[in-house]
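Welcome! Here are some short exercises to work through with the structure in view, each followed by a solution in steps.

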Amino acid sequence: FDEQWLTLEEIASYGVAVLYPNDLHQRTFHEVYKMGMPLLIPDNLGLFRMQRAANWGYASYGSVLLGVDACSAERSLLAARFEPWWNSFNSTPEVVVYFSQLADWEQFPHVLRFTSLPALLDL
């Protein structure tokens, strides 16, 4: 199992990193971003297409807000147009793109985006 993972030193030895995040809070993003190497991530629709085939971390398991009455939950999620947990195998692009805009790779500068694997190869 350990052989499947690269050490930070091994990652830093490459000239560029391509990351397909499988969660909105991807620690690997922060590790590679901090290295200052070029970081390529699919655009939102590319990530949507990938999450259809691979489950998206914590957001995709379904949940409820325990100990919070419906009125309080509604007020705390006023800005959210969708439930904060979705089924990653059958969610619509509107749901996934809505929440992915909150991810750090959308907020931080210097992250390069690509629309498809052919577009990545053209970079």
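**Exercise 1.** Which residues of α3 are buried?

*Solution.* Start with the ground rules. This is a predicted model, in which local features need pLDDT of at least 70 and side-chain atom pairs count only at pLDDT 80 or more, while totals for chains, interfaces and linings use all residues. Residues are numbered from 1 along each chain as its sequence is written, and side-chain values use heavy atoms, leaving out hydrogens and water.

Next, the terms. Buried means under 20% relative accessible area, exposed over 50%, and partly exposed in between, with a 1.4 Å probe and protein chains only. Helices (H or I, at least four residues) and strands (E, at least two) are DSSP runs, numbered from the N terminus.

Now read off the answer: in α3, Asn44, Gly46, Leu47, Phe48 and Gln51 are buried. Their cover includes β2, α5, α6 (104–107) and β3.

**Exercise 2.** Write down the order of helices and strands along the chain.

*Solution.* First count them: the chain has seven helices and three strands. Then follow the sequence, and the pattern reads α-β-α-β-α-α-α-α-β-α. To finish, look at the chain as a whole: 32% of its 123 residues count as buried. Among contacts (heavy atoms within 4.5 Å) with a separation of 6 or more, 61% join residues 24 or more positions apart.

**Exercise 3.** Which elements each supply at least two residues of the largest nonpolar core?

*Solution.* Begin with the term: a nonpolar core is a set of buried Ala, Val, Leu, Ile, Met, Phe, Trp, Tyr and Cys residues joined through side-chain atoms within 4.5 Å. The largest one has 19 residues, of which Phe29, Val32, Leu39, Ile41, Trp86, Phe99 and Trp105 touch the most other members. The elements asked for are α2 (27–35), β2 (39–42), α3 (44–51) and α5 (93–100). Helix α5 gives the largest share, four residues.

Now look closer at α5. Its buried residues are Val95, Val96, Tyr98, Phe99 and Ser100, and they pack against α3 and α6. Take Phe99 from this helix: its relative accessibility is 8%, so it counts as buried. The C-alpha atoms of Phe99 and Asn44 are 9.9 Å apart, although 55 residues separate the two along the chain.

**Exercise 4.** What kind of aromatic pair do Tyr20 and Phe114 form?

*Solution.* Recall the rule: rings of Phe, Tyr and Trp (its six-membered ring) pair if their centres lie within 6.5 Å, with planes under 30 degrees apart counted as stacked, over 60 as edge-to-face and the rest as tilted. This gives six aromatic pairs. Tyr20 and Phe114 are 5.9 Å apart centre to centre with 75° between the planes, so the pair is edge-to-face.

Then locate the partners. Tyr20 lies in the loop between β1 (17–18) and α2, and Phe114 lies in strand β3 (residues 111–114), 94 residues away. Tyr20 has a relative accessible area of 31% and is therefore partly exposed, whereas Phe114, at 2%, counts as buried.

Last, find a cluster: ring pairs link Phe29, Tyr33, Trp105 and Phe108.
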